[in-house]
Amino acid sequence: MTDGQNLKFVPFDVGRSALWIFFVVALLVSPLIWTSSLSLTILSQIGTLIIVCLSYNMMLGQSGMLSFGHAVYVGLGAFMSIHVMNAVTKGAFWMPISLVPLIGGIAGAFFSVLFGYVTTKKSGTTFAMITLGIGELVAASSLMLPEFFGGEAGITTNRVIGSPVLGITYGPQIQVYYLIAIWCLICTAAMYAFTLTPLGRMANAVRDNPERAEFVGYNTQRVRYFVMIIAGFFAGIAGGLGAINFEIVSSENVSTVRSGAYLLFTFLGGVGFFFGPIIGAVIFVLSFVVLSELTKAWLLYLGIFFLLMVMYAPGGIASLIMMNARVAQFKKFGRLWLPYAAVLGAGIVLFLGVTSLIELVYHYQLESAGGTTLKLYGFVADTSTVSTWATAVIVTAIGIVLMTFASRYFKRIWGGIQTEIQLLIERGLV
Amino acid sequence: MEFFLISLLNGVSYGLLLFMLSSGLTLIFSMMGVLNFAHASFYMLGAYIAYQISVWVGFWPALFIAPVVVGVAGALFERYSLRRVHKFGHVPELLVTFGLSYVVGEFVQLIWGRAPVDYRIPAGLDGALFTIYTTTFPAYRGFMMLVAVLMLLGVYLLFTRTRVGLVIQGALSHPDMVEALGHNVPRVFMMVFGGGCALAGLAGVIGGNAFVTEPGMALTVGSIIFVVVVVGGMGSLAGAFIASLLIGILQTFAVALDYSLLTLFAKGGATIGPDNALYPVLKLTISQVAPILPYLLLVLILIFRPRGLMGKRDD
Amino acid sequence: MSTDPKSAAYAIQLLDVRKNFGKSEIIRGANLAIPPGERHAVIGPNGAGKSTLFNLISGRFDVSSGDIQLNGRSTLGLTPFEINRLGLSRSFQITNIFHRLSVFENIRCAVLWSLGYKYSFWHSLARLRDARLRSEEILEQIGLRKRHDVAAGLLTYAEQRALEIGITVAGGANVILLDEPTAGMSRSESDHAVELIRKVTVGKTLIMVEHDMSVVFGLADRISVLVYGEVIATDVPAKIRENAKVQEAYLGAHAGDHAEAEP
């Protein structure tokens, strides 16, 4: 690129507008393309989770705050919303269902104000541990106060309340989907706008160098506290939408397992870019709804995938996309076709081998009632025969060998390209 | 009186178990700055491996073999996974141990299933150690305390009397200097990580049959040891010791007490009925509230003494 | 920024400041009085405690005993950000920037508080004209306009040092502390840096820790010499050069070399 322009630190502007248009269109048009009721369920959940993961990333990716207790704010927002809905059904007061998520948001913000005061006293690893403690505190309390939390069974509601407004009852799933989609759009836009405000930018500064942020006049604890409150607000909105969608909220909604899932998928999507958590939300729902049907070992696969991501691509899928986009921007992508093909080929072999082994073990362990055979990639495998196991082991071994060579080759080419790009930037010769 | 003594002893034995776990965690944190989220998972692994070995061979071999296996697993993880993430910073380090805890949890279910396994106290240790009035103090609890104390003694001696221990102490605060002196600090890190995990595994061996051995055990004890570490003061072994005993005794006593604020009011002559707004909270007995006591302690410490009981001023 | 510097006799005053770390006494009764507008250098052998002194003045550490006054007001017990808001800003020996933000963003972060935007999440950054103009102005002064949108972590070492200085002065503080600003620079880079420092500290109080003697003698109105945690001499450069105690403790054999470095 020799037109004298500086390399932009953030992705190209044309690309950004295109992404937004694509996002809006996708939200509005998806249920018309995928019309089955399963698809609608998936889309509705994705819409809610986009808000959750984006709000989580306000803390993690933007402010450097690793929380193990985010489900608390989503869940308490959900509980508040469901109680309000039940109160409206009983006629205590009137509130349109469309605005119930706002109640959730206020609840989320309120609890962030309450707990955040204590949790933001520390930062870094200690902060993470404290959020874990608070998360456990709330989760354990949920079984102690059945009046609010509904005990083991949770609290249920009916989202069809009163007479329809403009023909909308929120009975059919499609109506709920569009409610979620509109909230999702509003929240996403709001959270994006936040990144362009003084507080949003200082949150980045506090993430990068909290000490320096203090020395330019900012109380870093205050910055984190305010970010947490705003993130809690959006988390609560998502909780409210979830309450409307599922019509049930239980102590599971505030559990540590949930918090861990929010962390896992936001991280997988990518914490370094605004759209990363959106990818994470999509993977989240697809894993829980689709992957869990394909194999019993899906949680194990998820865990391994996460581990590999942290080790090899800590910026998540978003970073992988952007790194390749950057290479393409510098017009060096052509050299990567062959290395990618090599890694892909070796990866497929390794994947087949490892997943076969895991599936065989799972089948052997958990499904012995169903007999010893299972279908594996089109083949019929028998866990009682040695040849089956031997095949799986051999394929895995071959995969490991191939992967070692392929990855070394890839690293060499990739590393060379990165060094060239680095030099170009350093010398300002973009 | 007997209730008090027995509960105290039970509380101390539980507290010592917590300390076995949190000491390994503190050591790893002090040296490497890594908070090992998977620490409780190694505890669980120790319990399961001990179970398996005790089924094949017996409890006593398990007592010695299982911690070694867990320690080796920990060392391998450090060498091939954690080390690689070190350059990304502390958050990715925590995340990689978080991912490991996920994987270990699933792995354990893969091999041993989702139901609790029947990991038994060996016949020789099953029974009463002594009796106070009508309450017996189990022999196994006494054994747990013995193992915990021996382990702590062993670690203390290792650190202060051996050369390896000296190197570790040095690397604890000045890894670069120790490396400049010619010691293989990455290997020391690996050993310390593996050692910490082995301690967790040992805790699992003796705790797994006293309490239940099931896939959820890592989660339940995991968050408590993090509370111990924060309450005690990040990186302070003495603080972890005090906090472990405190929480161990607190919880043991609380679980046995059936009083609530309601009974307190009743003693004072006031009766509060179910229609009172605060009734749901007031009727909670201490035993019902017991699970959240460690976390309440955490909140109190953070409000009144954020650096923990024995923590250093700057975190 | 806050208190009128002319109302206080001294911009920075250290009164018998002591600092212990455990059993080691690093600062053993340091006394310093720097009037507003002065360019003051602190020199001394390695281990004398110069960085510790800076950390005490800027609030990174608490003093063990003694008092530090900024524009006549004691800063004991104040946090770094409170001290910064009172008009003191410092740079760091090891470059301390926001490495993932662009050069421009780095500077803008440094001006936000001083312009009163505080914790606002209702202002759009792009529309803040005063923030943008001030940041552009600083960028121009430190010579990094061409690197406007480059991630700060990708700059060369000298550029990062210039950015470091830019962040320090951007907020408009009237007392500037620079900790070894020319560390690791070549001769030409140092000269460049000296010009930059002179430009951005016009009318302000400057306190500088430096090892490069030509920089010190070129910039400083007065020099203090710190040895084993005590200020053994404070005077104009010419007199410091002739001071026997200083020569013995520090300048040693190089005393005569800088006869030509006189401004």
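## Contact between chains C and A

Chain C contributes 39 residues to its contact with chain A, which in turn contributes 31 residues, and these counts, like everything below, belong to a predicted model. On the side of chain C that touches chain A, the elements giving two or more residues are α2 (80-85), β6 (88-90) and α3 (103-112) of chain C. Sorted by class, this side of chain C has 19 nonpolar, 13 polar and 7 charged residues.

## Contact between chains A and B

Where chain A meets chain B, 35 residues of chain A are in contact with 39 residues of chain B. At least two residues of the chain A side come from each of α5 (124-144), α11 (256-269), α13 (298-312) and α15 (337-366) of chain A, and among these helices α5(A) gives the most, with 14 residues. The side of chain A that touches chain B divides by class into 23 nonpolar, 8 polar and 4 charged residues.

## Domains of chain A

Chain A itself is divided into two parts, domain 1 (13-308) and domain 2 (330-426), and the C-alpha centres of these domains of chain A lie 34 Å apart. The contact between them takes 4 residues from domain 1 of chain A and 4 residues from domain 2 of chain A. On the side of domain 1 of chain A that touches domain 2 of chain A, the residues divide into 2 nonpolar, 1 polar and 1 charged.

Technical notes: Residues numbered from 1 in each chain as written. Chains lettered and ligands numbered in written order. Predicted model: local features only at pLDDT ≥ 70, side-chain atom pairs only at ≥ 80, totals over all residues. Contact = placed C-beta atoms within 7 Å. Helix = DSSP H or I, 4+ residues; strand = E, 2+ residues; numbered from the N terminus. Nonpolar A, V, L, I, M, F, W, Y, C, P; charged D, E, K, R; others polar. Domains from an automatic or database assignment.
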